[in-house]
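The following is a walk through one structure, written to be read with the coordinates open. Please start with a single residue and work outwards to the chain as a whole.

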Amino acid sequence: MGKRFWICSIVVSVAAMVLGLIVHGVILRADYIALADLYRSRAESSARAPWVLTAYALIGFAMTWLYYRLHEGDQMRLRSGLEFGLAIGLVSFVPWHILVYVGQPLPLSLMLRQSLLDLVAAGLLGMLLAWLRPRRRVLTAPDG
């Protein structure tokens, strides 16, 4: 795992954070505000902001690492990336939202939207990885 792997990890981490902001900070914001009494205060959340960065860094690293290990070639196949991202979403984001729904008094409609939107985001991240191709070798000009 060379420099390209780490660059891909960083790019996917940033993309995951942007998608998370769009999904949870924009699209679902009103839902969260309506349920504010179930969540930490703004001050408490802000004090824990480094954990958000840690979480998205782990998402970017783990997805890149798994993609790197599972996709031997360096060809770009967006469908393969989409399938990879959906599998990641189905093994992580969706079950997590279901478990939170069981333990916290959230509306079913919110859990379903969280699950769907995060599944779409995971699919997009998988497609990004397919496009970035962490195993791709840099082309060099032939000698001579």
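Thr64 sits in helix α4. In this model, which is predicted, Thr64 has a relative accessible area of 0% and is therefore buried. Which residues does Thr64 touch, once its neighbours within four places in sequence are left aside? The contacts are Phe5, Cys8, Ser9, Val12, Leu129 and Pro134. Several of these reappear in the helix packing: Phe5, Cys8, Ser9 and Val12 are among the residues of α1 that meet α4, and Leu129 is among the residues of α7 that meet α4. Thr64 itself is listed on the α4 side in the contact with α1 and again in the contact with α7.

Take the contact with α1 next. Two packed helices are described by the angle between their axes and the distance between the axes. For α1 and α4 the angle is about 130 degrees and the axes are 7 Å apart. Angles over 145 degrees would count as roughly antiparallel and those from 65 to 115 as roughly perpendicular, so α1 and α4 are classed as oblique to each other. Their crossing is right-handed. On the α1 side the contact is made by Phe5, Trp6, Cys8, Ser9, Val12, Ser13, Ala16, Met17 and Gly20. Facing them in α4 are Leu53, Tyr56, Ala57, Ile59, Gly60, Phe61, Thr64, Trp65 and Tyr68. Sorted by class, the contact of α1 with α4 has 13 nonpolar, five polar and no charged residues.

The packing of α4 against α7 can be described in the same terms. Here the angle is about 55 degrees, with the axes 11 Å apart. The pair α4 and α7 is therefore oblique as well, and the crossing of α4 and α7 is right-handed. From α4, the residues involved are Ile59, Met63, Thr64 and Tyr67; from α7, they are Ala122, Leu125, Gly126, Leu129 and Ala130. The contact of α4 with α7 divides into seven nonpolar, two polar and no charged residues.

Aromatic residues come next. A pair of aromatic rings is described by the distance of the centres and the angle of the planes. The structure holds seven aromatic pairs. In one of them, the rings of Trp6 and Phe61 have centres 5.6 Å apart and planes at 15 degrees, so this pair is stacked. Because Trp6 lies in helix α1 (residues 3-27) and Phe61 in helix α4 (residues 49-70), the pair ties together parts that are 55 residues apart in sequence. Trp6 is partly exposed, at 44% relative accessibility. Phe61 is also partly exposed, with a relative accessible area of 28%.

Another aromatic pair, Tyr67 with Phe84, is edge-to-face: the centres are 5.3 Å apart and the planes are at 80 degrees. This pair links distant parts of the chain, with Tyr67 in helix α4 and Phe84 in helix α5 (residues 78-91), 17 residues apart. Are Tyr67 and Phe84 buried or exposed? Both are buried. Separately, Phe5, Trp6, Phe61, Trp65 and Tyr68 form one aromatic cluster. These five residues also appear in the contact of α1 with α4.

One backbone detail follows α7. Most residues other than glycine have a negative phi. Arg133, in the segment after α7 (108-132), has a positive phi, near 50 degrees. At 21% relative accessibility, Arg133 counts as partly exposed, because buried means under 20%.

Within helix α7 lies Leu108, which is partly exposed with a relative accessible area of 44%. Leu108 and Lys3 are 105 residues apart in sequence, and their C-alpha atoms are 43 Å apart in space.

Last comes the chain as a whole. It has seven helices and zero strands, and its pattern along the sequence is α-α-α-α-α-α-α. The C-alpha trace spans about 70 × 30 × 20 Å along its principal axes. Of the 144 residues in the chain, 31% are buried. Among contacts between residues at least 6 apart in sequence, 83% join residues at least 24 apart.

Key. Residues numbered from 1 in each chain as written. Predicted model: local features only at pLDDT ≥ 70, side-chain atom pairs only at ≥ 80, totals over all residues. Heavy atoms only, no water. Phe/Tyr/Trp six-rings, centres within 6.5 Å; stacked < 30°, edge-to-face > 60°. Helix = DSSP H or I, 4+ residues; strand = E, 2+ residues; numbered from the N terminus. Buried < 20%, exposed > 50% of the residue type's maximum accessible area, 1.4 Å probe, protein only. Axes fitted to C-alpha atoms, helices over the stretch in contact; angles between N-to-C directions. Parallel < 35°, antiparallel > 145°, perpendicular 65-115°, else oblique. Left-handed = near helix turned anticlockwise from the far one by under 90°. Contact = heavy atoms within 4.5 Å. Nonpolar A, V, L, I, M, F, W, Y, C, P; charged D, E, K, R; others polar.
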